[in-house]
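Let's take a friendly walk through some side-chain contacts. Have the sequence and the 3D view ready as you read.

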Amino acid sequence: QVQLVESGGALVQAGGSLGLSCAASVNTFRLNVLGWYRQAPGKQRELVAYISPGGSPGYTDSVKGRFTISRDNAKHTVYLQMKGLKPEDTAVYYCNTVARNWPWGQGTQVTVSS
């Protein structure tokens, strides 16, 4: 059974940096396009970054230039490095495939204070 465990969330000041990790217990990890999602209170969960099996990334406009996604297929882990954080980045962050076909983990809370 697939299990996703996100970690690294914290309370940071605007302009700060933070790194998130997501460990996946799934044999097909390396075959999937993986994504980081976030969900702010009262809003829908949105995809903010994705990375192909070969390591090619993509970002939504609101995080482009500030967030960096990476993956370690040997460790079954996907990372999200965030810098220049803004209060509007406050959300619970999750990882999954871009098809959203794995069970969601508990997420990790990122709070950016102004």
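This report looks at aromatic rings, a charge over rings, and a disulfide.

## The model

Please keep in mind that the model is predicted.

## Aromatic pairs

How many aromatic pairs are there? The count comes to two. Tyrosine 37 and tryptophan 104 make up one of them, in an edge-to-face arrangement with 5.1 Å from centre to centre and 85 degrees between the planes. This pair joins distant parts of the chain: tyrosine 37 belongs to strand S4 (residues 34–39), while tryptophan 104 is in the loop between strand S9 (91–97) and strand S10 (108–113), 67 residues apart.

Tyrosine 94 also pairs with tryptophan 104, again edge-to-face. Here the centres are 5.8 Å apart and the planes meet at 80 degrees. Because tyrosine 94 lies in strand S9 and tryptophan 104 in the loop between S9 and S10, the pair ties together parts that are ten residues apart in sequence. Taken together, ring pairs link Tyr37, Tyr94 and Trp104 into a cluster.

## Buried or exposed?

Now for the accessibility of these rings. Tyrosine 37 has a relative accessibility of 1%, so it counts as buried. Tyrosine 94 is buried too, with a relative accessible area of 10%, which is under the 20% cut-off.

And what about tryptophan 104, which takes part in the pairs with tyrosine 37 and tyrosine 94? Tryptophan 104 counts as partly exposed because its relative accessibility is 33%, and partly exposed covers values between the 20% and 50% cut-offs.

## A charge over the rings

Which residue places its charged end over the ring of tyrosine 94? That residue is arginine 45, whose charged end is 3.8 Å from the centre of the tyrosine 94 ring. The charged end of arginine 45 also sits over the ring of tryptophan 104, at 4.2 Å from the ring centre. If you colour arginine 45 in your viewer, you can look for its charged end over both of these members of the cluster, tyrosine 94 and tryptophan 104.

## The disulfide

There is one disulfide in the structure. Its partners are cysteine 22 and cysteine 95, with sulfur atoms 1.7 Å apart. The bond links distant parts of the chain, from cysteine 22 in strand S3 (residues 18–24) to cysteine 95 in strand S9, 73 residues apart. As a reminder, a disulfide is a covalent bond between the sulfur atoms of two cysteines.

Are these cysteines buried or exposed? Cysteine 22 is buried, at 1% relative accessible area, and cysteine 95 is buried at 2%.

Note on methods. Residues are numbered from 1 along each chain as its sequence is written. This is a predicted model: local features need pLDDT of at least 70, side-chain atom pairs count only at pLDDT 80 or more; totals for chains, interfaces and linings use all residues. Side-chain values use heavy atoms; hydrogens and water are left out. Rings of Phe, Tyr and Trp (its six-membered ring) pair if their centres lie within 6.5 Å; planes under 30 degrees apart count as stacked, over 60 as edge-to-face and the rest as tilted. Helices (H or I, at least four residues) and strands (E, at least two) are DSSP runs, numbered from the N terminus. Buried means under 20% relative accessible area, exposed over 50%, partly exposed in between (1.4 Å probe, protein chains only). A charge sits over a ring if NZ of Lys or CZ of Arg is within 6 Å of the ring centre and within 35 degrees of the ring normal. A disulfide is a pair of cysteine sulfur atoms within 2.5 Å.
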